[in-house]
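Subject: Structure for you to look over

Dear colleague,

I am passing on the structure we talked about, with my notes below it. Please read the notes with the structure open beside you.

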Amino acid sequence: MKKSSVILIFLLVVLPSILAIENPLEISIQNTDNLIVAGTESTSNLNIKNNGIRDQTLTINSDKLGIFPFSEVFDYIIVEPNQITIKSHQEKTIKIKVKTLLNIPKEGRYENRLTIKSITDETLQSQLPLSISVIPAENSVNIQMDIESQIIPGKPTQYQLILKNRGNIELTNLNVKIKSDFYSEEFTVDIIGKDSTLIKDLTLTANPTSQEGESNLNIEILQNNIKKGSLIKQLTLTSNPDIQEERIVNKQFLATTIKIIKRNQGNSEVFK
């Protein structure tokens with residue numbers, strides 16, 4: 001019985017200490033931003049907990065070969081501070097600032113690598129991927145349009161324009177341009193907060209004399225004449241039952257004259 005108690009004490013007290021010595025560092029990283037706009041800076045938090053029985057002095061460095069001019073994505077990575085001392089069974093958080101280049105190859109997830117080394121124990125070293133999702137500046141705003149697919153020329157159609165800021169920075173003074181052969185609209189949005197959505201109620205009235213068929217609605221969002229988002233929405237223009245059209249054909253020698261008369265039988269706006 002006494003021998004069993006000694007073994008139990010060993011398992012409860014001594015064994016955890018041995019395991020802590022073998023794997024003393026518990027490391028994790030959290031990104032404060034889901035998506036980073038190319039050309040901007042973001043901050044991540046590196047958390048290190050020392051589960052060992054000894055204090056540890058650590059250095060934290062990024063991969064220098066994964067930063068400009070060797071990288072097409074990372075402009076710089078700053079670790080503040082890049083050397084810390086963590087007492088036994090304590091935890092510290094280090095700020096990591098990541099700046100991306102403006103012209104990235106494409107939208108996607110990109111990775112650098114952090115190396116954590118112990119000065120007090122040369123055998124202790126860990127590596128951790130620093131991974132971020134980057135979007136081009138021209139894709140900062142996601143545009144959606146809630147509108148009927150079929151438009152009757154001359155009759156007002158209510159719709160919603162939904163603008164979502166995808167990135168990690170506030171967007172201010174945005175110029176929204178909506179253009180097509182049958183309708184145009186332009187207005188300014190003062191601000192769309194970081195990772196937030198703006199819904200704007202609008203009215204589309206297509207030119208009553210517009211031709212039937214498929215037509216594109218082009219939406220573009222600019223900030224200081226720099227594109228931040230775009231969308232092409234295809235709509236179908238149908239006939240207006242209120243507009244009656246009469247064609248009078250007059251054929252003469254070497255010439256044919258066609259006279260088109262349009263009559264408004266309802267309350268649609270025909271001319272502006």
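Which residues does Ile48 touch, not counting residues up to four places away in sequence? In this model, which is predicted, Ile48 touches Leu25, Glu26 and Ile27, then Leu58 and Ile60, then Ile84 and Ile86, and further along the chain Gln90, Glu91, Lys92, Ile94 and Ile116.

Ile48 also belongs, together with Leu46 and Ile96, to the residues with the most contacts inside the largest nonpolar core, which has 26 residues. At least two residues of this core come from each of the strands β3 (41-50), β4 (56-62), β5 (74-80), β6 (83-86), β7 (91-100), β8 (108-118) and β9 (125-135), and β9 gives the most, with four residues. A second core, separate from that one, has 25 residues, and Val176, Phe187, Leu204 and Leu237 are included in it.

Turning to the strand pairing, I found an open sheet of five strands with mixed pairing, in the order β11-β17-β16-β13-β14. Because β11 and β14 (184-192) stand at the edges and each has a single partner strand, one side of each is left without a neighbour in the sheet.

At one edge, strand β11 (residues 150-151) runs parallel to strand β17 (residues 226-237) and is joined to it by two bridges, with Ile151 standing opposite Leu237 of β17. Leu237 is also one of the residues of the second core. On its other pairing, β17 runs antiparallel to strand β16 (residues 213-223), and eleven bridges join the two; among the partners, Glu220 is bridged to Ser230 in β17. The hairpin formed by β16 and β17 has two residues between the strands, and Asn224 there takes a positive phi near 55 degrees. Towards the other edge, strand β13 (residues 171-179) pairs with β14 in the antiparallel sense over eight bridges, and Ile178 stands opposite Glu185 in β14.

A word on confidence before you rely on any single region. The chain averages a pLDDT of 85, and 80% of the residues score at least 70, but there are stretches to read with care. Over residues 14-20 the pLDDT stays under 50, and the model has six contacts for them beyond four places in sequence. Residues 268-272 likewise stay under 50, and for these the model has eleven contacts beyond four places in sequence.

With best wishes

Terms used:
Residues numbered from 1 in each chain as written. Predicted model: local features only at pLDDT ≥ 70, side-chain atom pairs only at ≥ 80, totals over all residues. Heavy atoms only, no water. Pairing = 2+ DSSP bridges. pLDDT = per-residue confidence, 0-100. Contact = heavy atoms within 4.5 Å. Core = buried A, V, L, I, M, F, W, Y, C linked by side-chain atoms within 4.5 Å. Buried < 20%, exposed > 50% of the residue type's maximum accessible area, 1.4 Å probe, protein only.
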